[in-house]
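Got the model open in your viewer? Here's a walk through it, one selection at a time.

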Amino acid sequence: MRKNILWKNSTAFLLLLLTSFQFCVFAQQQPELGVRTVNLLHSNGFQFKDLNKNDKLDEYEDWRLPNDERVAHLIGQMTLEEKVGFMLISTINMGGASGSGFGVNQVVTSDLAEEDNINETNFFTRQPLPVPTLSVSGTTKGILERNLRHFILRANSKASTIAEWANKVQAVAETSRLGIPVLITSNPRNHITIDNSPGLSLGETGFSKWPGELGLAAMRDFELTHEFAETAAKEWVAVGVRKGYMYMADLATEPRWGRTEGTFGEDADLAAKMMTEVVLGFQGQKLGPHSVALTTKHFPGGGPQKDGQDAHFDWGKDQEYPGNMLEYHLKPFKAAINAGTSAIMPYYAVPVKTEYEEIGFAYNKIIINDLLRGKLGFKGIINSDTGPIFMMPWGVENLSISERYQKAVDAGVDLFSGVADPTFLLEAVKEGLVSEARIDESVARLLKEKFELGIFENPYVDVEAADTIVGNAQFQARADLALRKSIVLLRNEENLLPVKPKTKVYFEKYMVSRGSNNPHIVIVPETNKWDVEFVDTLEKADLAVLWLIPGSGGLFGSTGAEIHNELSKNSIDVDYVNRIKTQRSTAVIINFSNPWVISEIDNGNLNTVLATFGTTSDAVLDVLSGKFNPTGKMPFTIPASIEAVKSNLPDVPGSQEYDGYAVFNFDEGISY
């Protein structure tokens, strides 16, 4: 009797296993396959791409297998040269572009750019490079001869043009020996920003236009932040851009730092919440065919720069922590890691007067391996910032190029940005400085990301659909709400706002811009949606509205000279502002791409003040008129004086500085 029971139980168990196995097999769904030239293979009713053109189904071509198995098999087929090329990411040009690819306003086409660009001068420091460096490869040669598979797109063009171009790039990759697709990366494309410098942001594009990162943080609306990221991801995927060099988890604790505009402000807890939402919004709970993989930057936080100078330059390489707040700066990175960020980028900076070795973070094994991978548990890709080997070798200047690669790879870097020539890294391997086994570790991480994104199955996009998805009216309507929610009302002491009906309003945007000698931009909307009368001169006005857009000249205009935060040192004529305030009731709006010191105009009669962080005039007018009741809160503290700026501890947020430090505090903001 007992044997019969055992037999029946065993039979039931085997039937259960068989049923489960059959369910797993038949539950798998055929993914859409995108091909241009390779043949399709057929097996058990499914289709697969014959990427290596050998007329048989290889493991890495079998989308039914776990990604780790596919990765291991593909690495076994790759040559050393293919692996080394895989560890580089460089700028790629579209047709019509030339040079370094940084000309975001160039007229570009969907043609492939086949011109190499070799630099002899450091783009950032303007000093001679140790050797001439290939910064941009001709597309076909880069893919087929240099084995490059990671590219940064910096060009700005129509959505369908980008999509058509991206398809052409992938078609070249498909013809390669193993058919490994390309991963196209970009810096942010969805924000209204002031410093639209290479490597920072492209500014306004055809994509939906949202507030700058500081403005998103000022909203304090995490659901809308998540929606922003999901929306932007749909637009990026539509044009074939599947990875973002974003977002900055750095904290804006040094008010002079030139990259403040790209942060989510000074508060670690707020920035952590923002990082969580943008990572989950762009990537989803896990990477898939609808994801944009993110590279969170710049570990372990680029905010505490000495005197606000930036580590792109040798005069700004020092990063200091006199407030002993390194752990505070790690909070947003921890949030990004917990949300599953695909990659993390260390900064160029050198930590000074800490327990860590005084070398750039890309070379700093204790920072990358022990802290980031060990203590914080990050298992993803380590992507260097642009140029640490040839342009910013801070702390290892005495090492040879091969030795720099050795030290950076040993520290944990998987992907090197800013160079398109694999021969230098290849030499380091052949010299025995870097083992092929260590190369395999990096390639495995990079391949896994591609498999998870689904681009091995289909890297191609629908060109016609791109224009209907990118920047569509539904997306922009939600972005318009964010633009309004990002505006902060700081003072309304005379109750000038909301503007009373029929008021005659002189609305001027004061902004020094390239190619124009006139900073006074008088705004008289073509369509008046507000119950006020717009006038074109101050003399006709009951109320003057001055929207000041200070500008420092951009991060990469730095010469190492002392950085100033006063409005007068950042392209604002304070005498002009003060004169208008004496002539008319005045509402002053200031775009805070940095925590500007406003004491030059805040001299007893600045009674109505608003803050913006990259928005539109329509959004401003909706707030001024009361069509939208302001709800924004400051993402950072505004110092009361330049003396406060100079006495600031660079790793300490303004909200934790001494009493009297601030004129407007973090989290400040009122409503009507």
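Start by selecting G432: this glycine sits just after helix α12 and takes a positive phi of about 85°. Keep in mind as you look around that this is a predicted model.

**Helix α12 and its cover**

Now step back into the helix itself, residues 423-430, and colour the buried ones: F424, L425, L426, A428 and V429. What lies over them? Show α3 (80-86), β7 (128-136), α11 (401-411) and α13 (436-453), which are among the elements covering the buried residues of α12.

**The whole chain**

Zoom out until everything fits on the screen. In cartoon view, you're looking at 18 helices and 25 strands. The radius of gyration is 27 Å, close to the 26 Å that the globule rule gives for 672 residues, so the chain is as compact as a globular protein of that length. If you draw a box around the C-alpha atoms along the principal axes, its sides come to roughly 95 × 60 × 60 Å.

Try colouring by accessibility next: buried residues make up 60% of the 672 in the chain. Then turn on contacts. Of those with a separation of 6 or more, 74% are between residues 24 or more positions apart.

**Helix α8 and its two partners**

Select residues 268-283, which form helix α8, together with residues 326-339, helix α9. Their axes come within 8 Å of each other and cross at roughly 20°. That makes α8 roughly parallel to α9. The crossing is right-handed.

Show side chains where the two helices touch. On α8, pick A268, D269, A271, A272, M275, T276, V279 and L280; on α9, pick Y328, K331, P332, A335, A336 and A339. Sorted by class, this contact has 11 nonpolar, 1 polar and 2 charged residues.

Keep α8 on screen and add helix α7, residues 222-239. Here the angle is about 35°, and the axes lie 7 Å apart. The crossing of α7 and α8 is right-handed. To see the contact, select F222, T225, H226, F228, A229, E230, A232 and A233 in α7, then L270, K273, M274, E277, V278, L280, G281 and F282 in α8. The residues of this contact divide into 10 nonpolar, 3 polar and 3 charged.

**Two cis peptide bonds**

Go to Y247, in the loop between β10 (243-244) and α8. Look at the peptide bond leading into Y247 from M246: the bond is cis, with omega near 0°.

For another cis bond, jump to L497 and P498, where omega is about -5°. P498 belongs to the loop between β17 (488-492) and β18 (504-510).

**Positive phi away from glycine**

Which residue in the loop between β2 (46-49) and α2 (67-77) should you pick now? Select D55, which is found in that loop. D55 isn't a glycine, yet its phi is positive, at about 65°. Switch on the surface and you'll find D55 exposed, with a relative accessible area of 60%.

Next, try N147, in the loop between α4 (139-144) and β8 (150-153). N147 is not a glycine either, and its phi is about 60°. Is N147 buried or exposed? With 14% relative accessibility, N147 counts as buried.

**T608 in its strand**

Select T608, which is found in strand β23 (residues 608-612). At 0% relative accessibility, T608 counts as buried. What surrounds T608, leaving aside neighbours within four places in sequence? Show R491, N492, L496, L497, T586, A587 and V588, which are in contact with T608. You'll recognise L497 among them, from the cis bond to P498.

**Last stop: W315**

Finish at W315, in the loop between β11 (293-299) and β12 (318-320). This tryptophan is partly exposed, with a relative accessible area of 33%. Not counting residues up to four places away in sequence, W315 touches R126, Q309, S558, T559 and G560. Then put a distance label between the C-alpha atoms of W315 and A561: these two residues are 246 apart along the chain, yet the label should read 9.2 Å.

Note on methods:
Residues are numbered from 1 along each chain as its sequence is written. This is a predicted model: local features need pLDDT of at least 70, side-chain atom pairs count only at pLDDT 80 or more; totals for chains, interfaces and linings use all residues. Side-chain values use heavy atoms; hydrogens and water are left out. Axes are lines fitted to C-alpha atoms, for helices over the stretch in contact, and angles run from 0 to 180 degrees between N-to-C directions. Helices (H or I, at least four residues) and strands (E, at least two) are DSSP runs, numbered from the N terminus. Angles under 35 degrees count as roughly parallel, over 145 as roughly antiparallel, 65 to 115 as roughly perpendicular and the rest as oblique. A crossing is left-handed if the near helix is turned anticlockwise from the far one by less than a right angle, and right-handed if clockwise. Contact means heavy atoms within 4.5 Å. Ala, Val, Leu, Ile, Met, Phe, Trp, Tyr, Cys and Pro count as nonpolar, Asp, Glu, Lys and Arg as charged, and the others, Gly among them, as polar. The radius of gyration is taken over C-alpha atoms; the globule rule is 2.2 Å times the number of residues to the power 0.38. Buried means under 20% relative accessible area, exposed over 50%, partly exposed in between (1.4 Å probe, protein chains only).
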